[in-house]
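Trainee: I should like to go through the assignments in this model and ask what each of them rests on.

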Amino acid sequence: SIERIEESYRRMRKESEQGDLNPELFLLSALFEIREIARIEQVLADLRESHPADQEARVMIALYQKAVRNFKEGGAKP
């Protein structure tokens, strides 16, 4: 469930170093698996704002934007 995913994310974020993006990668992948597209878009916007100069974050954002676009264009409902 989304609550469990969010709790796991918060725990990972708390235990990770500041620049570590693994918690966000976990969150995005888990949300994509359960098709929470609106929440994914929110996480991507947050990442864009909080890590504007981080190349790793830019790559992650681009990949997930493409995945979301492909999902939407495929006609599937989130």
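Mentor: The discussion below concerns a predicted model, and it takes up a helix, the core, some single residues and the aromatic pairs in turn.

Trainee: How do you know that the length of helix α4 agrees with its number of residues?

Mentor: Helix α4 covers residues 55-73, which is 19 residues. The expected span is 1.5 Å times one less than the number of residues, and for α4 this gives 27 Å. The end C-alpha atoms of α4 are 27 Å apart, so the two values agree.

Trainee: Which residues of α4 are buried, and why are they said to line one face of the helix?

Mentor: The buried residues of α4 are Ala57, Met60, Ile61, Tyr64, Val68 and Phe71. Viewed down the helix axis, they fall within an arc of 100°, and therefore they line one face. They pack against α2 (22-33) and α3 (37-50). Gln55, Leu63 and Glu73 are exposed and sit on the face turned away from the buried side.

Trainee: What makes aspartate 54 a cap of α4?

Mentor: A side-chain oxygen of aspartate 54 lies 2.8 Å from the backbone nitrogen of glutamate 56, at the N-terminal end of α4. The cut-off for such a polar contact is 3.5 Å, so the pair qualifies.

Trainee: Which helices supply the largest nonpolar core?

Mentor: That core has 18 residues, and Leu27, Leu31 and Met60 are among those with the most contacts inside it. Each of α1, α2, α3 and α4 supplies at least two residues, and the largest share, six residues, comes from α4. Leucine 31 is in contact with residues beyond its neighbours within four places in sequence, including Ile2, Ile5, Ile40 and Val43.

Trainee: Why is glutamate 6 called buried?

Mentor: Its relative accessible area is 14%, and buried means under 20%, so glutamate 6 meets the criterion. Glutamate 6 belongs to helix α1 (residues 2-15). Its side chain makes a polar contact of 2.7 Å with that of arginine 39. Apart from neighbours within four places in sequence, glutamate 6 is in contact with Leu27 and Arg39.

Trainee: Why are arginine 35 and proline 52 placed in separate classes of accessibility?

Mentor: Arginine 35 has 34% relative accessibility, which lies between the limits of 20% and 50%, so the term is partly exposed. Proline 52 has a relative accessible area of 52%; exposed means over 50%, so proline 52 is exposed. Arginine 35 is in the loop between α2 and α3, and its phi is near 60°, a positive value in a residue other than glycine. Proline 52 is in the loop between α3 and α4; not counting residues up to four places away in sequence, proline 52 touches Leu47 and Arg58.

Trainee: How many aromatic pairs are there, and why is the pair of phenylalanine 32 and tyrosine 64 called edge-to-face?

Mentor: The count is two aromatic pairs. The ring centres of phenylalanine 32 and tyrosine 64 are 6.4 Å apart and their planes stand at 75°; pairing requires centres within 6.5 Å, and edge-to-face requires over 60 degrees, so both conditions are met. Phenylalanine 32 is in helix α2 and tyrosine 64 in helix α4, 32 residues apart.

Trainee: What makes phenylalanine 32 and phenylalanine 71 an edge-to-face pair?

Mentor: Their centres are 6.1 Å apart and their planes are at 70°, so this pair is edge-to-face. Ring pairs thus link Phe32, Tyr64 and Phe71 into a cluster.

Methods:
Residues numbered from 1 in each chain as written. Predicted model: local features only at pLDDT ≥ 70, side-chain atom pairs only at ≥ 80, totals over all residues. Heavy atoms only, no water. Helix = DSSP H or I, 4+ residues; strand = E, 2+ residues; numbered from the N terminus. Buried < 20%, exposed > 50% of the residue type's maximum accessible area, 1.4 Å probe, protein only. Arc of directions from axis to C-beta. Contact = heavy atoms within 4.5 Å. Polar contact = N/O pair within 3.5 Å; in protein donor to acceptor, adjacent residues only side chain to side chain. Core = buried A, V, L, I, M, F, W, Y, C linked by side-chain atoms within 4.5 Å. Phe/Tyr/Trp six-rings, centres within 6.5 Å; stacked < 30°, edge-to-face > 60°.
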